[in-house]
4 protein chains.
Amino acid sequence: MTVRVSEVEPIAGRVAYLGPAGTFSEAALRSLPLAPDVEAVPSVTVVAALDAVRSGDVDAALVPFENSVEGAVTSTLDELAAGDPLQIIAEVVLPIRFALLGRAGLALDDVTTVASHPHAQPQCRRWLAKNIPDAAWVAATSNAQAARLARAGEVDTALAGSFAARRYGLAVLAEDVQDVDGAETRFVVVSRPGAPAPPSGHDRTTVVLLERDDHPGSLMEMLTEFAVRGVNLTRMESRPTGTGLGRYCFSIDCEGHIESHRVGEALSALRRVCADVRFLGSYPRADGKEPAIPPATSDSDFADAADWLARVRRGLA
Amino acid sequence: MTVRVSEVEPIAGRVAYLGPAGTFSEAALRSLPLAPDVEAVPSVTVVAALDAVRSGDVDAALVPFENSVEGAVTSTLDELAAGDPLQIIAEVVLPIRFALLGRAGLALDDVTTVASHPHAQPQCRRWLAKNIPDAAWVAATSNAQAARLARAGEVDTALAGSFAARRYGLAVLAEDVQDVDGAETRFVVVSRPGAPAPPSGHDRTTVVLLERDDHPGSLMEMLTEFAVRGVNLTRMESRPTGTGLGRYCFSIDCEGHIESHRVGEALSALRRVCADVRFLGSYPRADGKEPAIPPATSDSDFADAADWLARVRRGLA
Amino acid sequence: MTVRVSEVEPIAGRVAYLGPAGTFSEAALRSLPLAPDVEAVPSVTVVAALDAVRSGDVDAALVPFENSVEGAVTSTLDELAAGDPLQIIAEVVLPIRFALLGRAGLALDDVTTVASHPHAQPQCRRWLAKNIPDAAWVAATSNAQAARLARAGEVDTALAGSFAARRYGLAVLAEDVQDVDGAETRFVVVSRPGAPAPPSGHDRTTVVLLERDDHPGSLMEMLTEFAVRGVNLTRMESRPTGTGLGRYCFSIDCEGHIESHRVGEALSALRRVCADVRFLGSYPRADGKEPAIPPATSDSDFADAADWLARVRRGLA
Amino acid sequence: MTVRVSEVEPIAGRVAYLGPAGTFSEAALRSLPLAPDVEAVPSVTVVAALDAVRSGDVDAALVPFENSVEGAVTSTLDELAAGDPLQIIAEVVLPIRFALLGRAGLALDDVTTVASHPHAQPQCRRWLAKNIPDAAWVAATSNAQAARLARAGEVDTALAGSFAARRYGLAVLAEDVQDVDGAETRFVVVSRPGAPAPPSGHDRTTVVLLERDDHPGSLMEMLTEFAVRGVNLTRMESRPTGTGLGRYCFSIDCEGHIESHRVGEALSALRRVCADVRFLGSYPRADGKEPAIPPATSDSDFADAADWLARVRRGLA
């Protein structure tokens, strides 16, 4: 399990991340190609980070998007789906390994409290139950803040990346306390909207689809627009629209770049059949995996067919 | 039941039809808007009529396409699907009513033979079995030729349109001898390929689709390309490709005109997924029925979506 | 190209075939496993042969079903789709090779007439056009009757199987006059309805589906019922219902036996969604080909799932 | 907006809920038909409540399932999808209205801290930003615990239902501080597995589907199994399987009861095509809405078709 990042141009300017320093978000940001003069700016929440992009206070923001154990980071999904449009330009996939941090010499048997972000606790639930069953959990707004609480003596220990120990003057009491090895978090780098970078050959496209009305089968209709053009989905989340139970929008990742005929025509079709389509970007996949291109769906297949249609319409075929 | 014809410009020049004079084909041709100088040219077979168009000997040909009782006229389907391309420019739907023609005064009890085209006999089978059960059937290449045989005394009677009686000097021994009332034959007018006439608002498009390979589900894939764009089919025939049992091509009529986005994109998609698509024309329906246009599939829906896609690709949406 | 026949028990009793003696139908019948006492009974038409089964006059009938060049034998399809139910119990696939028969010594240059069944003429069209371009075609009710006409001197020549020459005292003037080599006709053996023979492991099932109403997409719905259960279609013909242009029923062959869960559930579903389903038999394929069984559609998959459902419904899963 | 509950038999015995007293969960539980001797048992987490059912410590548990603003309660989804099976027997839909609670007389301008469950904070974000922009948010494990913190003076205020004020000796400083009116949370009552209650005529069925493998289109295949049998989905969530990004299972609600043919056959089909299907219950909808039953999918349609199939298989149709 290693860190994987989109092959993109170095990111420059001011870049917000879900801080404070010492979070996985900061580790993710540091793994990206960064311009020499990049300025990392910690944000207290995902919302604050994204709003800072919108307001122009920063040039980009790195925020968590989904975790292989906890699922979607719903605040990120919901913030990207609403408000002024933003665009994903890169992604980072970071292995998530937790350590238990505390003051040097503290024995596990003496731990009475453990702080962490609410997402971290369930990922270590079994380890905690087995090793420090009597320790009370204390919610923190980030794992780094949990470390800070431990440093301040407000709690005994914190769940955080081991890289946070040094910064907060703590010791690693236990490594790899996560219940499931191989957990990963995918982060996205978001900027203000613009023309997407040219296709890299291994891109992903993210969109939000809003059903025209909640008629039975509308989800299947949406999926069919992808399938009929041979476009694979890599993620599909339903999210409430906030207008009542049973009303959803869909956050979707698909293989390929909006510049390609197959993805472009699929999105154009969705624009027709959905109440709204929000384009959230085409960007290089962190894993560099090329899209599957089923027979008859390559760009040249589409171009040849369009030529044929033009000729037939003019009576030249 | 009345004759219905496409609203088209008067047909001019030399026009072949499945002759001889006195056939339903001639009656269909006469029902079309014809230029004053049109010259009707009888052909002995569908093949001869279509080849005369191909060779330039005639400007157009009217041939039977399908019958509401007997089904597709397979020789027409197969000839249009192969050889040099031709294009349908109009259609005629003619009620089919048969009369028993013979010499004046002949009693039904005395009839020993009845001639007709092989398509006519099954349409009158029950009437024949009931009224002249002992009469032997004699195949003729057309109903008009059957009338000619009756006139020549080679057979007693002929099944033909009552309009053929006068031309062949025969009497109508019985009217409406068809078993099923309401039978209709649809004829098409075919010319050499060219740009289709502009959309009339109530057009039909005819194509022939050849499967890329005989993989299970290929027919469903083809139908899905129409369905996902809201294009209704009005006729679907499978025809052997001649390369072995189990290998078919599909002759299809759909609602709408190739100039429309919905039909154009569907055909373009089929061009990708099929081994071959032969466009056989977009032309006004004889019944003047407008296509159903499901939500999100109008031309303006397609145009708006294409505009949106162009804007998004440039970062302007 | 060899004759292929269903592996079935010997056919016994009186069996009608499309006569007279010397037709391809008779050749097909002779290729079947026949009981010693079988009595072959020529019929003048497909309808007569099938009605003889219905009336009990014969025990079975062999009739042509489809040809790899000419397509479906529509009279067979339509007769099986209507009237008292019948059931297909076996099939024969016969290579179709035509010879030109005439009196010994007749030179091709001297041929002025050629008789044949209307289905035979188009299969030899190009040969005729090249070798005896001036010969007039004369329709006959069968190729054997054409041979009889040639024998009687009413025509010069007949198109028929070379095996008919000896019986009618004619010479083979030219062998293999068909335009396309490899043409085959598939014949079916039909009896009165009964429980189908047990599955052979390589069966075919034939049904006729009548749309509930002519709503757009009904054909796709029907095909989906097969596809979702992994049942491949091997033939699909639309036929007019006789109630007006644009109203069709569908004659369908699929892989597998009605006793299998996958085929049975598909037919049961079609029974729900169609206005009518006519079962025309499950019988061994002449080519012995086993059905493709996609993952999760075997009989044991269905049985396991049914068991699971029963347990879950009782709270035992 | 009123509370809606499943019409079920009174719930008896010990019933866990997400405590402490004063939570929306307790309010939901109190709205159900309860046996006189029911004993409400607060649990500190969803996991604890569900494990108490599994262990037999309680007879049932009421836990939050989804919220119209925040979406799925992922801990509930994930806990129901794994571990020993449990079964949903009822649901409650509760309008969610938040109040700001604090000591009587506290002015908004003086509020420096506000505690709440992490789900509550985002639902009141805009109100908080406008009215107490400088107040720091403090995470609590429940809104009731937040109230307790406020009571203890550890924070100034808490977000909770106004019904919690009295219990914790606090005043309602502001009513209806949620950003979106009309928010609702759906709770489910869960027991150990057993035969579901008989159909009420307005049931919902909940299942978890695990893809057999991550092949493109597997989600569409699953949805097709519902669609082809006319079963509407009312909720569809993807959840990570924990085995890596891009691997999901699907938590689904559909209309109808597993006893019905349409739902039963759909689930049975899914059992074939999925790696696993976990049945989570058929139970009366809180809103009493009857399922849409498209043509040809009623129980009598299925029964008639099954009868037909049985007859045809025996040769009796």
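1. Before anything else, a term you'll need: two strands count as paired if DSSP finds at least two bridges between them. Keep that in mind for strands β4 and β12 of chain A, which pair in the antiparallel sense over seven bridges. One more thing to know at the start is that this is a predicted model.

2. Now step back and look at chain A as a whole. Its secondary structure comes to ten helices and 16 strands. The C-alpha trace spans about 85 × 50 × 35 Å along its principal axes.

3. How much of chain A is buried? Of its 317 residues, 59% are. As for the outside, chain A exposes about 12,000 Å², and carbon and sulfur atoms supply 50% of that area.

4. Have a look at the contacts too. Among those in chain A with a separation of 6 or more, 77% are between residues 24 or more positions apart.

5. On to the charges: chain A has 30 positive and 42 negative ones, and the mean positions of the two sets are 1 Å apart.

6. Back to β12(A), residues 184–191, where eight of the eight residues are buried. Which residues sit on each side? A:Glu184, A:Arg186, A:Val188 and A:Val190 are on one face, with A:Thr185, A:Phe187, A:Val189 and A:Ser191 on the other, and both faces are covered.

7. What about the neighbours of β12(A)? Strand β4 of chain A covers residues 60–67, and A:Ala61 has A:Val190 of β12(A) as its bridge partner. Strand β6 of chain A, residues 87–95, also pairs with β12(A) in the antiparallel sense, over eight bridges. For A:Ala90, the bridge partner in β12(A) is A:Val189.

Terms used. Residues numbered from 1 in each chain as written. Chains lettered and ligands numbered in written order. Predicted model: local features only at pLDDT ≥ 70, side-chain atom pairs only at ≥ 80, totals over all residues. Heavy atoms only, no water. Helix = DSSP H or I, 4+ residues; strand = E, 2+ residues; numbered from the N terminus. Buried < 20%, exposed > 50% of the residue type's maximum accessible area, 1.4 Å probe, protein only. Contact = heavy atoms within 4.5 Å. Areas by Shrake-Rupley, 256 points an atom, 1.4 Å probe, with all protein chains shown as cover. Lys, Arg positive; Asp, Glu negative; His and termini not counted. Charge placed at Lys NZ, Arg CZ, Asp CG, Glu CD.
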